[in-house]
Amino acid sequence: MEDEIKQRLQSYSRRLFLQRAGLLTGMVALGGGSYIYNPKGTWAADPIKVGIATDLTGPISWGGIPNSNVAKMVIDDINSKGGLLGRPLQMILEDTATNEQLAVTKVRKLVTQDKVDVVFGGITSSMRNAIKDTIVNRGKTLYIYPQLYEGKECTPFLYCTGPTPAQQCDTFIPWLIKNGGKKFYLPSADYVWPHVLNAYARTVIEKNGGEVVGEEYFPVDHNEYSATVNKIMSNKVNVVFNTTIPPGVAAFFKQLYEAGFSKNGGRLACVYYDENALNITPANEIEGLASCLDYFKAVNDPYGNKIQAEYTKLYGTKNPFTAGSAATGMYRGLRLWAVAVTAAKSLKREEVAAALDHAKIADGPGGPSEVVPGRHVKMNMYTAVAKSGKYEIVEKSKGQVMPGECV
Amino acid sequence: MNQPVASRTKRQIIPVIELTLLVIALILPLFLQDFWVLFTTRVFILGMLALSFDLVWGYAGMMSFGQALFFGMAGYSAALLATKWSITSVFVLLPVGGAVGLVVAFLIAGIIILGKRPPNLVFVALGTLTSSYVVERLARGWSYVGGQNGIPSLPRLTAGSFELTEGPLFYYLALVLLALVYLGLRILTRSQFGLVLAGIRQQENRMAFFGYKVQNYKGFVFCLAGLIAGISGGLYAFHEGYVGPGQLGPVLSTQVVLYALFGGAGTLIGPIVGTGLVDLFSFYLSQIWETGWPIVLGLLLLVIVVFRPTGLIGFLVSDRERVGSFGRPTKAAPPTPDARHEPA
């Protein structure tokens with residue numbers, strides 16, 4: 001009996017192995033298949049091809065994985081409601097692997113071989129810069145970039161659906177001055193985003209009667225901040241407006257906490273901190289940290305809760321749906337694009353772009369949003385404060401905030 | 001004296017591989033879709049970079065982790081000329097790329113190879129690796145060259161009023177350059193000069209005792225490799241339409257080492273085959289297993305490098321052919337195959 005089972009198991013596994021091997025060779029021969037998510041059911045019309053190029057592997061995969069998850073969720077949802085223009089959406093996913101060199105090839109495949117109708121993706125600015133030309137200029141395809149970033153991206157046919165410096169500073173900094181104080185310190189990682197964001201933040205701080213005591217740049221993996229912490233403490237700084245990033249940020253927050261900055265009434269601010277980032281630092285070290293983003297779980301609006309519940313059901317809580325990982329930007333981007341395609345009744349780039357220039361959606365994570373001239377999106381912004389490992393919303397923008405880019 | 005016939009045929013495998021690949025490369029664009037033409041063009045350009053590494057490691061025995069430095073510096077220089085001064089002529093930018101690669105290689109060689117004491121393997125490896133790392137860090141922080149974001153949206157290369165678009169045209173440009181570089185290196189490495197290099201690789205001290213200025217040979221080869229990497233870097237920047245700090249750094253440098261080791265270092269053709277196969281594998285693997293493909297690729301490379309130190313080409317080519325013969329055949333040299341089989 002036992003032998004019989006063993007034998008059957010063996011033969012099964014051999015068969016399974018052969019099947020798998022067959023599948024593998026088939027995939028190799030056909031040029032890949034599992035990355036193509038075909039629409040469920042039978043459709044009379046050819047699918048609309050949606051290219052998703054994001055970092056599923058490498059240091060930025062914490063952002064890329066939720067991005068591809070959200071894309072799949074939204075595309076499935078659109079398909080279950082009849083697709084667009086009577087055609088289903090087919091998602092073609094490419095891993096850009098946090099490697100700009102590789103990404104150009106992957107995106108080229110999307111544009112020249114798969115001939116996708118639109119490309120969504122890129123998390124870092126360096127990734128966007130590497131792939132945008134291949135998509136937009138050489139590839140003559142529409143490109144939608146979902147992440148919060150430093151602004152100044154004004155390439156035609158490239159739409160940015162994440163928050164810009166204006167959106168993250170205009171309501172946030174006055175709040176910080178009111179709820180922290182006038183003396184700011186800007187410790188930063190040394191790359192493009194902090195430099196440009198700080199330049200903008202400085203003008204807003206000064207316009208609101210605040211003053212910048214110091215602005216410093218460190219390598220991203222810097223881990224010795226005692227001199228900076230010392231300066232912050234001895235200058236009696238009220239607000240630390242932080243743009244250092246992982247892995248350096250964990251050490252900085254720890255050293256700042258140990259020096260007693262928050263205990264003495266200082267306010268820590270960091271505009272990319274979302275629910276996901278709370279895992280980087282122990283809750284007690286960032287008690288009172290303020291952030292400003294387009295969505296927090298704590299916004300607790302019915303539509304956002306619905307998305308959140310659906311996402312968690314499909315993908316669990318390991319790679320959560322948050323604003324800082326561009327998942328909200330991806331959601332918004334896909335919905336706005338779908339609206340534009342429906343309005344344009346076409347997939348021609350120029351016609352979709354013309355409709356996308358003023359596309360709006362009534363619902364999304366964090367509320368309604370609308371594309372404004374300059375190919376950026378106006379949206380609600382929320383200021384939240386970390387309290388024992390969770391966020392509490394302390395202020396909501398009065399209506400949608402303008403992105404203030406490319407106008 | 002008689003050689004078995006099998007080994008005689010074995011000795012002629014490399015030319016067969018070379019010719020086959022050349023013929024395939026020449027007619028390939030007729031059969032390939034657009035994307036694969038671009039893909040293969042990229043393989044040719046990176047293959048040139050892999051050749052430059054093979055020259056320093058496979059022939060002169062210097063482990064250079066700095067090939068990406070020459071490649072990237074050349075790419076950046078050409079990109080700056082194109083964006084800040086609107087120079088797009090291929091006849092200016094490629095020579096500039098090569099020259100930048102050469103000069104940077106010369107400077108590095110001046111520090112780490114041409115010093116008072118002959119450098120050992122680890123010194124060269126770490127010296128080139130750190131140079132590559134330092135320059136990448138600098139490029140990431142320097143806003144004039146775009147910092148972290150690099151220089152996007154490069155214009156296309158031009159020849160007169162003609163624009164070199166990616167596709168078959170660029171493909172043949174890259175192929176011709178690769179073939180020329182390959183031919184040049186093949187002649188060089190099979191010459192008397194190549195014999196000296198092989199000697200240096202195998203037993204450096206003995207070559208020095210013979211009176212060869214070993215360091216000068218090494219320095220020359222290092223600079224030549226810099227020149228080739230530079231040309232390749234200039235070409236790459238304009239084919240991809242983008243340069244970024246990643247093109248300067250240790251990651252690409254290491255990738256090039258893998259290309260060469262995977263295909264088979266010290267054979268010239270091996271690194272080119274390696275470039276093609278590694279890129280093809282990583283492309284397909286990433287289609288099959290979205291989040292685990294780098295691990296599979298890494299294991300595959302590890303297996304080859306551990307169990308086949310001569311690389312994939314080692315499966316086809318005997319050690320004897322890999323090492324090859326040098327210089328012009330003289331009367332005293334081994335007789336031609338026909339003569340060899342004359343009855344004794």
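# Briefing on a predicted two-chain model

A:Pro247 sits in the loop that runs between strand S9 (239-241) and helix H9 (248-258) of chain A, and the peptide bond that joins A:Pro246 to A:Pro247 is cis, with omega at about 5 degrees. The model is predicted, and the points below take up its backbone geometry, the two chains, selected helices, the nonpolar core and the contact between chain A and chain B.

**Backbone geometry**

- Most peptide bonds are trans, and most residues other than glycine have a negative phi.
- A:Lys115, which is not a glycine, has a positive phi of about 50 degrees; A:Lys115 belongs to the loop between H3 and S4 of chain A.
- A:Lys115 counts as partly exposed because it has 14 C-beta neighbours inside 10 Å, whereas 20 or more would make a residue buried and 12 or fewer would make it exposed.
- B:Ser153 is likewise not a glycine and has a positive phi of about 50 degrees, and its place is the loop between H6 and strand S1 (157-159) of chain B.
- B:Ser153 has 15 C-beta neighbours inside 10 Å and therefore counts as partly exposed.

**Chain A as a whole**

- Chain A contains twelve helices and 16 strands, and its radius of gyration of 23 Å is close to the 22 Å that the globule rule gives for 407 residues, so chain A is as compact as a globular protein of that length.
- The C-alpha trace of chain A spans about 75 × 60 × 40 Å along its principal axes, and 54% of the 407 residues count as buried.
- Among the contacts in chain A with a separation of 6 or more, 72% are between residues 24 or more positions apart.

**Helix H4 of chain A**

- Helix H4 (residues 125-137) of chain A has 13 residues and reaches 17 Å from its first C-alpha to its last, which is close to the 18 Å expected at 1.5 Å a residue; H4(A) nevertheless bends by about 40 degrees at A:Ile131.
- H4(A) is mostly covered, with twelve of its 13 residues buried, and the buried residues include A:Met127, A:Arg128, A:Ile131, A:Lys132 and A:Asp133.
- The partners against which the buried residues of H4(A) pack are, within chain A, strand S2 (48-54), helix H3 (100-113), strand S4 (118-121), strand S5 (142-145), strand S6 (158-160) and helix H7 (192-207).

**Chain B as a whole**

- Chain B has 15 helices and two strands, and its radius of gyration of 21 Å agrees with the value near 20 Å for a compact globule of 344 residues.
- The box filled by the C-alpha atoms of chain B, taken along the principal axes, is roughly 70 × 55 × 45 Å, while buried residues make up 47% of the 344 residues in chain B.
- Of the contacts in chain B with a separation of 6 or more, 77% come from residues 24 or more positions apart.

**Selected helices of chain B**

- Helix H10 (residues 214-240) of chain B has 27 residues and reaches 38 Å from its first C-alpha to its last, close to the 39 Å expected at 1.5 Å a residue.
- H10(B) is mostly covered, since 23 of its 27 residues are buried, and H10(B) is followed by B:Gly241, whose phi is positive, near 75 degrees.
- B:Leu301 lies in helix H13 (residues 293-307) of chain B, and with 18 other C-beta atoms within 10 Å B:Leu301 is partly exposed.
- Not counting residues up to four places away in sequence, B:Leu301 touches B:Leu258 and B:Phe262.

**Nonpolar core**

- In soluble globular proteins, nonpolar side chains tend to be buried together.
- The largest nonpolar core has 212 residues, and those with the most contacts inside it are A:Val50 and A:Val240; H3(B) gives the most to this core, with 16 residues.
- Leaving aside residues up to four places away in sequence, A:Val50 touches nine residues' worth of neighbours that include A:Ile75, A:Leu89, A:Ile92, A:Val118 and A:Phe120.

**Contact between the chains**

- The contact takes 32 residues from chain A and 28 residues from chain B, and the elements of chain B that give two or more residues to its side are helix H3 (34-59), helix H6 (121-141) and helix H12 (269-288).
- H3(B) gives the most to the side of chain B that touches chain A, with five residues, and the residues of that side divide into nine nonpolar, 14 polar and five charged.

Methods
Residues are numbered from 1 along each chain as its sequence is written. Chains are lettered from A and ligands numbered from 1 in the order in which they are written. This is a predicted model: local features need pLDDT of at least 70, side-chain atom pairs count only at pLDDT 80 or more; totals for chains, interfaces and linings use all residues. Two residues are in contact if their C-beta atoms, placed from the backbone, lie within 7 Å. Helices (H or I, at least four residues) and strands (E, at least two) are DSSP runs, numbered from the N terminus. Ala, Val, Leu, Ile, Met, Phe, Trp, Tyr, Cys and Pro count as nonpolar, Asp, Glu, Lys and Arg as charged, and the others, Gly among them, as polar. The expected span of a helix is 1.5 Å times one less than its number of residues. The bend at a residue is the angle between axes fitted to the seven residues ending there and the seven starting there. A nonpolar core is a set of buried Ala, Val, Leu, Ile, Met, Phe, Trp, Tyr and Cys residues joined through C-beta atoms within 7 Å. The radius of gyration is taken over C-alpha atoms; the globule rule is 2.2 Å times the number of residues to the power 0.38.
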